[in-house]
Amino acid sequence: MRRPGATNADVARLFLEAAELLELAGENPFRIRAYQQGARTVEELDEPVARVAARGAKALDALPGIGEDLAEKIRQVLATGSFPLLARLRKQTPKGLPELLKVPGLGPKRARLLYDELGVRSVAGLARAAKAGRVRTLPGFGAKTEAAILAAIGGGAAAGEKRMLRARAASYAEPLVELLRAVPGVDRVEVAGSFRRGRETVGDLDILVTGRARAAVVEAFTSAPGVARVLARGATRAAVRLGSGLQVDLRVLAPESFGAGLYYFTGSKAHNVAVRGIARAAGLKINEYGVFRGKTLVAGRTEEEVLAAVGLPWIPPELREDRGEIAAAREGRLPDLVTLRDLRGDLQCHTTDSDGRDDLEAMARAAEALGHQYLAVTDHSPSVRVTGGMDAAGFRAQRRRIDKLNAKLGKLTVLAGAEVDILADGRLDLDDATLAGLDVVVISIHSRFNLPEAEQTRRVVRAISHPAVDILGHPTGRIIGRRAGIALDLDAVARAAGDHGVMLEVNAQPERLDLDDIAARAAVERGVRLVIGSDAHAAAELGFLRWGVDQARRGWVEKQDVGNALPLARLRKLLHGSRKH
DNA sequence: GCCGTTTTCGGCCCGACTGTTTTCAGTCG
């Protein structure tokens, strides 16, 4: 770990570790939650926590969930890489105990019991104890618990939490929803949870059903194709694990509770807790069955009804993260979020001229079929060799083919573009004359991901400052679950983008979604315009725009913030061809 | 440990399911 100079992620990780160790120590649950909330606040900050700390004594304290004590601990982490309480907790926590918490079904109480009574020191040791039949001898444990522990370990569930890309989860969710909708007597089926909130990854799926056929629904669900194991099965709730490893929870709700259930199971947990606090202050109680005054149900059929009961307008699910949406709702300043229908075209895609799998005309026809008004074809520049990047002559030849194609296309206009590599020193990978001849210039980083932040930021800012540049593509270069983004001062990048009229991309590839929600929101707040680009490498991928829109919505992005929500004539005025520097 | 239209103490969201238990604790979401 780098130290000093802890990042937000470092601070968050240490707070979460402290929370876990406090839990094992049997501490006050609310104190534990305070550390978890503090971790979340720091993690979701749109600037380095070190910069907040540098603003003075009170600045950290002003962050939500950060009080005097946690502020001091943040300062300690920034200065030393840790804090005394954590060091003490690490010392007093028996080695191997935290590892046991990773086994699903084991919490602090039972983990502690296994440790103390059976001398279990690791997940492997737990497996041995369970196989030897020793686990069932403990009070509160039995043969079934022992088998469940073995199954959980065997399934690799303890190897670490694995979240699935939302786009992939959708391919499991959609057939299940179809199946349940076909059950006679079912009225409504909705996917709730983080899937509905549009998070880039989901840990599981929550499916809500209402209708008369309760037993039939549970039966259809637990016997659906793809179900590998039934984890739980009750009258109103069931849970299964699919062959893909994805867990799916089902809840059956009465119609008069459907809105309350949908709202409750959509979350986020932090959002729900905050709204429940409001309800409590008004003498109301919210649960998944409705809003109650005493025992009287006062709302529950729809989400609008539930929120109205606590004096709030309906809040789009993508905003329900307790990141200011509740205050915004109360004050009537919720954003009017961009929708897929608002987009008039797409500003990044690839063809067989570089690493795409469909040719120019196929891509154009597919975009036309989607109703796009324009499509920028942005094949790679030469230095990205693995992609078969084109040279200057290649782009000139492609331009001539695009002009011919446009002459025979109907409503769609193909824009001649390029995704130009940003070289190590911030220069661009095509000469100025070639760049000037293009309609759209996207610039991106495809190498040298590991430069230190200052150098990386200089590189990107220099590239943005080139007068031919229109869009910074996938600005951080992160690949979800595989590669962290480059170290970049997004504030400086946003400033440069604003100064030079460059738009920042929300790349819609399901494993990129880059900028992410928090960065997109920060960019928009700094007055920068975004574009949502599919970065399609095949005709079918032009549909990826939906994932980019969802990410943008999570970042509070409105139609007016998005370049490709403009009709072509107005978009052209933002591009380097008509822009004056 | 945080927080305040219940304001510096005393709360902090709430219920389902499981397994093991004769009435509930632990875990999860």
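**Exercise 1.** In this predicted model, state which residues come nearest to DNA strand B and which elements supply the surface near it.

*Solution.* Start with the residues: 43 of them surround DNA strand B, and those that come nearest are Gly-67, Gly-107, Arg-110, Gly-142 and Gly-234. Next, list the elements that give two or more residues to this surface: the helices α2 (29-43), α5 (68-80), α8 (108-118), α10 (143-154) and α15 (269-281), together with the strands β5 (227-233) and β8 (285-287). Then look for the largest share, which belongs to α15 with seven residues. Finally, sort the surface near DNA strand B by class: 18 residues are nonpolar, 13 polar and twelve charged.

**Exercise 2.** Give the domain division of chain A and the separation of domain 2 from domain 3.

*Solution.* Chain A is divided into domain 1 (8-92), domain 2 (99-159), domain 3 (164-253), domain 4 (257-330) and domain 5 (340-574). For domain 2 and domain 3, the C-alpha centres are 28 Å apart.

**Exercise 3.** Describe how helix α21 packs against helix α22.

*Solution.* Two packed helices are described by the angle between their axes and the distance between the axes. Helix α21 (residues 453-464) and helix α22 (residues 490-500) pack at about 10°, and their axes lie 9 Å apart. An angle under 35 degrees counts as roughly parallel, so α21 is roughly parallel to α22. On the α21 side the contact is made by Thr-457, Val-460, Val-461 and Ile-464; on the α22 side, by Ala-492, Val-493, Ala-496, Ala-497 and His-500. By class, this contact has seven nonpolar and two polar residues, with no charged ones.

Key:
Residues are numbered from 1 along each chain as its sequence is written. Chains are lettered from A and ligands numbered from 1 in the order in which they are written. This is a predicted model: local features need pLDDT of at least 70, side-chain atom pairs count only at pLDDT 80 or more; totals for chains, interfaces and linings use all residues. Domain bounds come from an automatic or database domain assignment. A residue is near a molecule or strand if its C-beta atom, placed from the backbone, lies within 6 Å of it. Helices (H or I, at least four residues) and strands (E, at least two) are DSSP runs, numbered from the N terminus. Ala, Val, Leu, Ile, Met, Phe, Trp, Tyr, Cys and Pro count as nonpolar, Asp, Glu, Lys and Arg as charged, and the others, Gly among them, as polar. Axes are lines fitted to C-alpha atoms, for helices over the stretch in contact, and angles run from 0 to 180 degrees between N-to-C directions. Angles under 35 degrees count as roughly parallel, over 145 as roughly antiparallel, 65 to 115 as roughly perpendicular and the rest as oblique. Two residues are in contact if their C-beta atoms, placed from the backbone, lie within 7 Å.
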